[in-house]
Amino acid sequence: MENNKSFLWPQGILFALLAISASLSVGVMMLLKPNTSDARIKTNINSINTITAPAKAGTSQRIEKLKLMMLNSLQQEARSKGLSDGVPSSFQGTTIKSAKVNPSQKVIALTFDDGPWPETTAQVLDILKQNNIKATFFVVGQNVKNYPDLLKRVVAEGHAIGNHTWHHWYHFMNPQVAAYEVANTTKLIYQITGVKTDLFRPPGGMMHNGLVSYAKNNKYAVIMWSSDSADYSRPTVPKLINNVFRLAKPGGIVLMHDGGGNRSQTVQALPEIITRFRKQGYSFVTVPELLEIQDKNDKLIAIKKQK
Ligand code: NI
């Protein structure tokens with residue numbers, strides 16, 4: 001038994017290293033090409049999961065570390081080449097309720113707040129994966145601390161991450177407390193996933209308790225919503241769905257929750273919400289992608305005006 005183990009173990013490590021270095025070089029080559037998207041980088045990272053799947057349990061922790069190292073290096077690479085998740089500069093320090101897009105651009109961003117949360121975050125992720133949809137998760141720092149693996153899964157599956165403070169407090173906060181609430185959450189997200197988020201959503205949509213002014217001063221884009229599922233008040237599933245569609249529009253941002261309480265209605269309603277949006281001709285984008293679409297439109301309009 002022991003002999004067998006000592007033989008397999010270095011082989012497993014070698015295999016993992018080879019797989020990672022191969023993917024890393026492919027990743028860097030992809031980054032050198034124009035029009036490389038973050039999606040490709042993420043696909044690349046996901047491929048590591050497949051390659052290393054049969055690895056022995058003893059080595060899985062080391063592989064996790066190597067994967068994170070690779071994730072970080074790819075994201076640094078992406079950032080240095082201007083391919084980061086970052087919002088366009090025109091949105092830094094602004095508040096966005098929806099993106100201004102052409103009525104024919106039927107795009108919508110699903111957002112999920114207050115996680116990561118046991119059971120429901122994984123259930124939401126499963127549904128999104130089945131439907132090949134990328135969404136945006138506004139996470140709470142103390143939940144990230146409690147459930148780091150769920151956050152890693154969110155990022156590994158290609159979703160965007162936003163900051164939803166550390167404690168999810170509503171009361172007024174002085175600048176020091178506001179800084180703690182926002183900066184510590186961003187720092188922990190970065191430490192766990194390598195993602196440096198510049199999206200912020202204030203708990204309860206509170207605009208004047210010190211958090212939003214801190215976020216704006218620090219160049220976050222403050223992301224609100226145009227369509228509120230009101231799932232936090234635990235409506236029936238048909239009511240929840242109706243809430244989403246009442247104000248749904250191209251460029252819209254839908255507010256839902258994967259954490260913070262019992263979210264079984266949200267999980268139940270999500271497949272129907274997805275089906276109905278698709279029937280209406282919508283496609284799903286992350287919040288950074290949505291802002292990117294408006295940014296392109298704005299630039300085109302600016303060029304037309306110059307002519
Ligand atoms: Ni919240």
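Let's start with the two faces of strand β2, in what is a predicted model. One side carries V107, A109, T111 and D113. The other side carries I108, L110 and F112. Every one of these residues is buried, so both faces are covered. Why do the names split that way? In a regular strand, side chains alternate between the two faces of the sheet.

Now count along the strand. β2 covers residues 107-113, and 7 of the 7 are buried. That is why we call β2 largely enclosed by the rest of the structure.

Who are the neighbours of β2? Take strand β8, residues 252-257. It pairs with β2 in the parallel sense, over 6 bridges. Look for T111, and you will find its bridge partner in β8, L255.

Next, strand β9, residues 283-284. β9 also runs parallel to β2, and 2 bridges join them. Here I108 stands opposite F284.

Then there is strand β3, residues 136-139. Again the pairing with β2 is parallel, this time over 3 bridges. F112 faces F137 across that pairing. How does the chain get from β2 to β3? It goes through helix α4, residues 120-130. This β-α-β crossover is right-handed.

Stay with α4 for a moment. T120 sits in this helix. Is T120 buried or exposed? Its relative accessibility is 7%, and the cut-off for buried is under 20%, so T120 counts as buried. What does T120 touch, leaving aside residues up to four places away in sequence? The contacts are D258, R263, S264 and V267.

On to the metal. Which protein residues hold the nickel ion as donors? They are D114, through OD, and H164 and H168, each through NE2. These donors lie 2.0 to 2.1 Å from the ion. Along the sequence, the spacing reads D-x49-H-x3-H. One of the donors, H164, has just 2% relative accessibility, so H164 is buried as well.

Last stop, helix α11, residues 287-306. It has 20 residues. From first C-alpha to last, α11 reaches 29 Å. At 1.5 Å a residue we would expect 28 Å, so the two values are close. Which residues of α11 are buried? The list is V287, P288, L290, L291, Q294, D295 and N297. Keep one rule in mind when you look at that list. An α-helix has 3.6 residues a turn, so residues three or four places apart point the same way.

Key:
Residues numbered from 1 in each chain as written. Predicted model: local features only at pLDDT ≥ 70, side-chain atom pairs only at ≥ 80, totals over all residues. Heavy atoms only, no water. Donors = N, O, S within 2.8 Å, 3.2 Å for Na, K, Ca; no water. Buried < 20%, exposed > 50% of the residue type's maximum accessible area, 1.4 Å probe, protein only. Helix = DSSP H or I, 4+ residues; strand = E, 2+ residues; numbered from the N terminus. Pairing = 2+ DSSP bridges. Right-handed = clockwise from strand over helix to strand, strands pointing away. Contact = heavy atoms within 4.5 Å.
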